[in-house]
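Biologist: Could you pick a single part of this model and take a close look at it with me? I am a first-year student, so please explain each term as you go, and then connect that part to the rest of the chain.

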Amino acid sequence: MNSEPTRHFRTLFLSDVHLGSKPAKAEFLIDFLRFHEAETIYLVGDIVDGWRLRRSWHWPQAHNDVVQKLLRKARKGAEIIYIAGNHDEFLRGFQGVHFGGIVVADRAIHEAADGRRFLVIHGDQFDAIVHNVRWLATLGDKAYDVAILVNRAVHLVRRRLGMPYWSFSSWAKVKVKRAVNFIGSFQQVVAEEARRSRVDGIICGHIHHAAIERFGDVDYINTGDWVESCTAVAERHDGSFEILTWAKVTEAEGEATEPAVALAASRSAEAA
């Protein structure tokens, strides 16, 4: 793994890690952070899953290692902004507070190298289900847990067959009509918020579906997640953006790990 080159970007955007939940792919993220550096890192919400931690405590060493890795990057000079989401909404009461060099905010304006201005926000503010029908959101959260269990079973079979990581739940998301309709509606609503905010684009997370698209005069960028697709968004030093997809294959015996085998860029919603 030491032979893998480190990639340097102007900005990295990560969201929906869901530390504190069993599906969180903390080990994948640790590898990603090891080989990716940036001057600024935005944590775009749901980094910690307070909803699941309230139900039952789950915090293995790998989850702590992610936190330590981010704190280490802050100590080395990276500017890290933590945008609170709905699963870590408890942080919204700490806006402007610094934790080990990481500053908490509800939203931020990011100016890209080419001068474009982006609203950075988690995105749950535009999900009517989360805010208006909380019991339904909780029900959906439990159904999502079932989908993740199926995803883990599929991954186990593929790993034993020597195949790379593939997300069944992400694939299903682009095949189920209701999910596709929801994603499309969410994107349109979020793009409209960018227009109201008088910015050139919006960068968000929340729906676990990575994308770089354009809606009229607005750039829409979604970072994806680290539960299903393991994606991040990177800004290059010329102000262009790309989706990074990081997949990791483990040995069938589970005793050793192989280097990450997929690092892909995409400008399509199918990237998730």
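Modeller: Let's begin with a ruler: the expected span of a helix is 1.5 Å times one less than its number of residues. Helices (H or I, at least four residues) and strands (E, at least two) are DSSP runs, numbered from the N terminus. This is a predicted model, in which local features need pLDDT of at least 70, side-chain atom pairs count only at pLDDT 80 or more, and totals for chains, interfaces and linings use all residues. Residues are numbered from 1 along each chain as its sequence is written, and side-chain values use heavy atoms, with hydrogens and water left out.

Our part is helix 3, which covers residues 61-75. With 15 residues at 1.5 Å a residue, helix 3 should span 21 Å, and its end C-alpha atoms are indeed 21 Å apart, so the two values agree.

Which residues of helix 3 are buried? Buried means under 20% relative accessible area, exposed means over 50%, and partly exposed is in between (1.4 Å probe, protein chains only). In helix 3 the buried residues are Ala-62, His-63, Val-66, Lys-69, Leu-70, Leu-71, Lys-73 and Ala-74. Their cover includes helix 1 (26-34), strand 2 (36-44), strand 3 (79-83), strand 4 (98-99) and strand 5 (102-105).

Now look at the two sides of the helix along the chain. Ahead of it, Trp-57 sits in the loop between helix 2 (50-55) and helix 3. Trp-57 is exposed, with a relative accessible area of 68%. The C-alpha atom of Trp-57 is 8.5 Å from that of Ser-21, although these residues are 36 apart along the chain. After helix 3 comes Gly-77, whose phi is positive, near 115°.

One residue of the helix deserves a pause. Lys-73 and Glu-37 meet through their side chains in a salt bridge, at 3.1 Å from N to O. Lys-73 belongs to helix 3 and Glu-37 to strand 2, so this pair ties together parts that are 36 residues apart in sequence. A salt bridge here is a side-chain nitrogen of Lys or Arg within 4 Å of a carboxyl oxygen of Asp or Glu. Lys-73 counts as buried at 7% relative accessibility, while Glu-37 counts as partly exposed at 30%.

From here we can step out to the rest of the chain. By that salt-bridge rule, the count comes to 15. Another of them joins Arg-10 to Glu-235, with the closest N and O atoms 2.9 Å apart. Arg-10 lies in strand 1 (residues 7-14) and Glu-235 in strand 11, so the pair ties together parts 225 residues apart in sequence. Arg-10 is partly exposed, at 22% relative accessible area, and Glu-235 is buried, at 0%.

Strand 11 (residues 231-235) also holds Thr-231, which counts as buried at 0% relative accessibility. A contact means heavy atoms within 4.5 Å. Leaving out residues up to four places away in sequence, Thr-231 touches Ala-210, Thr-223, Gly-224, Asp-225, Trp-226, Ile-243, Leu-244 and Thr-245.

Aromatic rings make links too. Rings of Phe, Tyr and Trp (its six-membered ring) pair if their centres lie within 6.5 Å; planes under 30 degrees apart count as stacked, over 60 as edge-to-face and the rest as tilted. The structure holds 9 aromatic pairs. In one of them, the rings of Phe-215 and Tyr-220 have centres 5.8 Å apart and planes at 90°, so the pair is edge-to-face. Phe-215 counts as buried at 12% relative accessibility, and Tyr-220 is buried at 0%. Ring pairs also link Phe-13, Tyr-42, Phe-118 and Phe-241 into a cluster.

Finally, the whole chain. Its secondary structure comes to 7 helices and 13 strands. Of its 272 residues, 53% count as buried. Among contacts with a separation of 6 or more, 67% come from residues 24 or more positions apart. So keep the thread in mind as you turn the model: Lys-73 in helix 3 and Glu-37 in strand 2 tie together parts 36 residues apart in sequence.
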